[in-house]
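Subject: Structure handover and findings

Hello,

Here is the structure I promised to pass on. Please open it alongside this email; my notes follow below.

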Amino acid sequence: MGRFFCFSLIFVALFGNINAQIKNIGAYSITNYSVYDNELIASTNAILQNNEGIMFFGNNKGINIFDGINWQLIKLPNNSGVYSLAAGSDGKIYLGAMDEFGYLQPSADGKLGYVSLMPKLPEEYTGIGNVTNVFQVPEGVLFVTNNELILFSNNTCKVIEPVKTNGPAIYVDNKILINQELKALKTYSNGKLHHFIESENIDFSKVLAVIKWKANSLLAIDNENGCFVMEHGIAPRMIQAPFSGFALKNKIISSLTLRNGYTVLGSMLNGALIIDSLGNPVQFLNKGNGLGNNKIISLYEDNCGNLWIGHDVGVSYIETSSPFTNLFPYEQGNGIAARLFNRKLYLGTSQGLFFIEQNDLKNVAEKNNQVTRVNNIAGQTWNLEVIDNNLYACNNDGTFIINGNKATKCESRIGTWGFLPLPGKKNMYLQGTYSGFNLFELNGGLLTFKHQMEGFYLSSRVFEFDDRGFVWVTHGYNGVYRLKIDSSFKSFSNIRYYGQPNGFPSNLGINVYKINNQILFSSEHGGIYEYNQAKDSFELFTGFEKYIGKTPGTSKLYQDTQGNIWFIGMERTGKLLKSDSGYAWLEKPFSNLSKLQIRGFELIYPIDSGNVILGTTKGFLHYSPEIKKNYSMPFFSIIRSVEILSAKDSLIYEGYMPPDKKNIKFHAELPHKFNSLRFSYVAPFFENIKEVEYSCLLEGFDKTWSEWGYKTEREYTNLPGGNYTFCVRAKNIYGTVSTTGTYSFYVAPHFTRTWAAYIVYLLLFVVLLIGLVYLYSRKKVARYRKEAILKEREIIQLRNKQLNSEIEFKNKELGSMTMHMIKRKEILLNIKNKLDEVYPNLPPDVKNAISLILKSIDREINIDQDWEFIKVNFDSVYIGFLKKLKELFPELRSSELQLCAYIRMGLSNKEIATIMNSTIRGVEGYRYRLRKNLNLCHDENIKDFLFNLIQ
């Protein structure tokens, strides 16, 4: 502990003021955009960022626009390069070029275009030369050219005064310095030039960088003569600044004072140097440590405090606001182990062991980190341990003792992980290996291998001792083992296995750590666990939940010497900061660390409270906890384009809202056939911009926001007519949510849903209603008619029934009458026959009486009288029968009609013979002749014919 404290003091003393906002340890993360990435980027003369975060680069081809994903080039009318940029108070981007100046302005459809101000100049000013600078001043926008100063105000251009300038103007300490004459500098204010300083011995045209200096003075950098201090009205005096050597050697051609007071000096030959307010080098940037190009033409600090550098080829983006810097090039392998020892920072990787001299960690000189390989050791170096003032490396090839740049193997067994001292045994160390454990003993200050421990032979990378002397060992795939070292210190006894049945969510991804002298187990599949001795099982440990909520899946726990607890999880990484009242959860600085960590081999090596080494898949990072960064910096989501999917000229909005349409509710009105749209969007947050997530909502269509995702486009098809607002928001790697970008539009309804259509629908509805009423009325009338018909049919049926009853009655009555007549005739004929038999034998007087009786009987049995009587009743029963029969067969005689009637009545031949005063044979003769007259066939029944004649 004492040695560690001494190392920490040395480290702090050598590394200097780490609390500064510009780090001097390691190299910042740099992203380079070159002609190979995008052919539009050429020599970058000026850089600017607008309020929404979009970057503008003035170069030799025009002005490049970059939103983090897409590039756009706007060319000037004369194809000139753009040499200067400035943001106007009116929100416009003003620019200067060769014989050209103006501003960018969006059109009604959001397309950004260039508006020239040359037509607003007086006619005599045509060749203005190169517009080297543009400044927003209280009076308007000031354009500095080789020949004139031009003020644009109230939509007019005014030439303040013709002036021959030598080199660009310089803005420093709220002053605009203009080199009007080779031997003098002037300042601009209130529409005029004012004398500032002059010297016969200095050529101010060679001064391309001026920085704020001590006691309200300025420091000018002369690339030939060095640095000199300038104060108003006082002759300049030469001084030797801490960075003078760099300036003279590499030719300073650009400078920028950052908001935190530091200054960036851009050179022509060897990158950029960041200096503090005293001129001390703090950070060096060149091609060797990641910069895209060593010529620094332009410099710009963006809204998040990060640095943009324009080169003669391409652009570099440097995350200078980050508390993280790179220590070690990832080409040398993954960062797995680190240890500060004897003024050297040793770094174990997947390709061996390296070291950096402690003095070389400061990235302040014209060099790159001098990384030295340690000899005689190669392959995976898993751990570095300082034991009794000696450095040991646990490697894939065994255990090594390290002395400077040389490694000596001290144990021949391959595959060693790390050491732990045995509790109560100061000179004995247990070493985990690929196949169990080794026991080492400290003799004469050196570790000596004694023997391999027996009884347990699994890989033992992560292990800890508890306060009862048990060794807890975790295996990445098998679970947890508890071992007890026997009294001989040669083998393990009481071996107990624990896994998923004992309370863990899985057997996979379990590790053991000692935190606050308590044994805890991390699980990648869910939370932190502790051992319940009474139940001999494992339970969730909830001691951290009041600080961080539900503990996430964790693969690494580490407690540093200050008591802070580090978490590295599958999705979340953070640190519990120790305080008197407990802990405070810090997560945002490490938002991107989980994706860089080597899963299962995470490295956290705090040297002291202000310096932490982290191992990643890209080498080693240096983290300065004391560097404060605003992780909640607001940023914007911007809709970059709106396209119609079904149209040829489909682009209806190109990303820039015209100022006069900012407050208009609907930005576009679309016919219904253009109801399928594609929206493209972006959030210009350049720190890990590929990790920015987006969520969308179409008001008027979607019910909820979409899930977070990385897509920067969203399509909607077949939208119904109506008012819509497309909304998009972004979430950066720190969890900060952007402002919401919106685009409102109106889709005309389908022609079937227009007012004209609604009127037609109304008319059709009225017609339909009338038709329905008509149909209903007809149906009702038809129903009434049907009911009437049914009633009429009922009446007819009743009448028919009644008629049938009457007919049946009459038929019965006719039959009865006829039979009565036949009987009567038969009786009379019998009486007559009897009288005829006795008549000859009767006396004369009796004969006379009998003769009268016989005559009376003959009158009673007269057939014609009977027929007339029968005919009347027959016609009332069989209506129309005789008439139709007469019509069909007009040749029938009266006697034949009588015979037809009797047959129709169903009388037998005997009965017919009786009623017709004939014999049966005679009746048969009559029937035969009747068949002939009726033209009946041989097999046709006369009775059936007469029955079917009238039904």
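S680 sits in strand β60, which covers residues 677–682. Bear in mind that this is a predicted model. S680 is buried, at a relative accessible area of 11%. Leaving aside residues up to four places away in sequence, S680 touches I638, I639, R640, S641, E643, T712 and E713.

G348 is another buried position, with a relative accessible area of 0%. It belongs to strand β31, residues 344–349. Which residues does G348 touch, not counting those up to four places away in sequence? They are N334, G335, I336, A337, L353, T381, L384 and F620. E441 is not in that list. G348 and E441 lie 93 residues apart in sequence, and their C-alpha atoms are 24 Å apart in space.

Next, strand β7 and its two hairpins.

β7 spans residues 93–97, and five of its five residues are buried, so the strand is largely enclosed by the rest of the structure. The side chains of a regular strand alternate between the two faces of the sheet. In β7, I93, L95 and A97 point one way. Y94 and G96 point the other way. Residues on both sides are buried.

β7 pairs with β6 (residues 82–87) in the antiparallel sense, over five bridges. One bridge sets L85 against L95 of β7. The two strands make a hairpin with five residues between them. In that turn, G91 has a positive phi of about 90 degrees.

β7 also pairs with β8 (residues 100–106), again antiparallel and over five bridges. Here I93 has L104 of β8 as its bridge partner. This hairpin has two residues between the strands. D99 takes a positive phi there, near 55 degrees.

Two open sheets are worth a look.

The first has four strands in the order β34-β35-β36-β37, with antiparallel pairing. Its edge strands are β34 (381–387) and β37 (406–411), each of which pairs on one side only. Neighbouring strands are turned by 30 degrees against each other on average, direction ignored. Within this sheet, β36 (residues 398–403) runs antiparallel to β37, and five bridges join them. F400 stands opposite K409 of β37.

The other open sheet also has four strands, in the order β50-β51-β52-β53, and its pairing is antiparallel. β50 (554–559) and β53 (582–586) are the edge strands; each pairs on one side only. The average turn between neighbouring strands of this sheet is 20 degrees, direction ignored. Four bridges join β51 (residues 565–569) to β52 (residues 573–579), and these strands run antiparallel. I568 stands opposite T573 in β52.

Last, the helices.

α12 covers residues 942–949, and its buried residues are I942, L946 and L949. Where do they fall around the helix? Seen down the axis of α12, the buried residues fall within an arc of 55 degrees, so they line one face. The elements that cover them include α8 (881–888), α9 (894–904) and α11 (920–933).

α9 deserves its own paragraph. Nine of its 11 residues are buried, so α9 is largely enclosed by the rest of the structure. The buried ones are E896, L897, Q898, L899, C900, A901, Y902, I903 and R904. G906 follows the helix and has a positive phi, near 85 degrees.

How do α9 and α12 meet? Their axes come within 9 Å and cross at roughly 85 degrees. Angles of 65 to 115 degrees count as roughly perpendicular, and the two helices are therefore roughly perpendicular to each other. On the α9 side, C900, I903 and R904 make the contact. On the α12 side, I942, K943, L946 and F947 do. The residues of this contact divide into five nonpolar, no polar and two charged.

Two of the α12 contact residues, I942 and L946, also appear among the buried residues of that helix. From α9, C900, I903 and R904 are both in the contact and among the buried residues.

Best wishes

Notes: Residues are numbered from 1 along each chain as its sequence is written. This is a predicted model: local features need pLDDT of at least 70, side-chain atom pairs count only at pLDDT 80 or more; totals for chains, interfaces and linings use all residues. Side-chain values use heavy atoms; hydrogens and water are left out. Buried means under 20% relative accessible area, exposed over 50%, partly exposed in between (1.4 Å probe, protein chains only). The arc is that of the directions from the helix axis to the C-beta atoms. Contact means heavy atoms within 4.5 Å. Two strands pair if DSSP finds at least two bridges between them. Axes are lines fitted to C-alpha atoms, for helices over the stretch in contact, and angles run from 0 to 180 degrees between N-to-C directions. Angles under 35 degrees count as roughly parallel, over 145 as roughly antiparallel, 65 to 115 as roughly perpendicular and the rest as oblique. Ala, Val, Leu, Ile, Met, Phe, Trp, Tyr, Cys and Pro count as nonpolar, Asp, Glu, Lys and Arg as charged, and the others, Gly among them, as polar.
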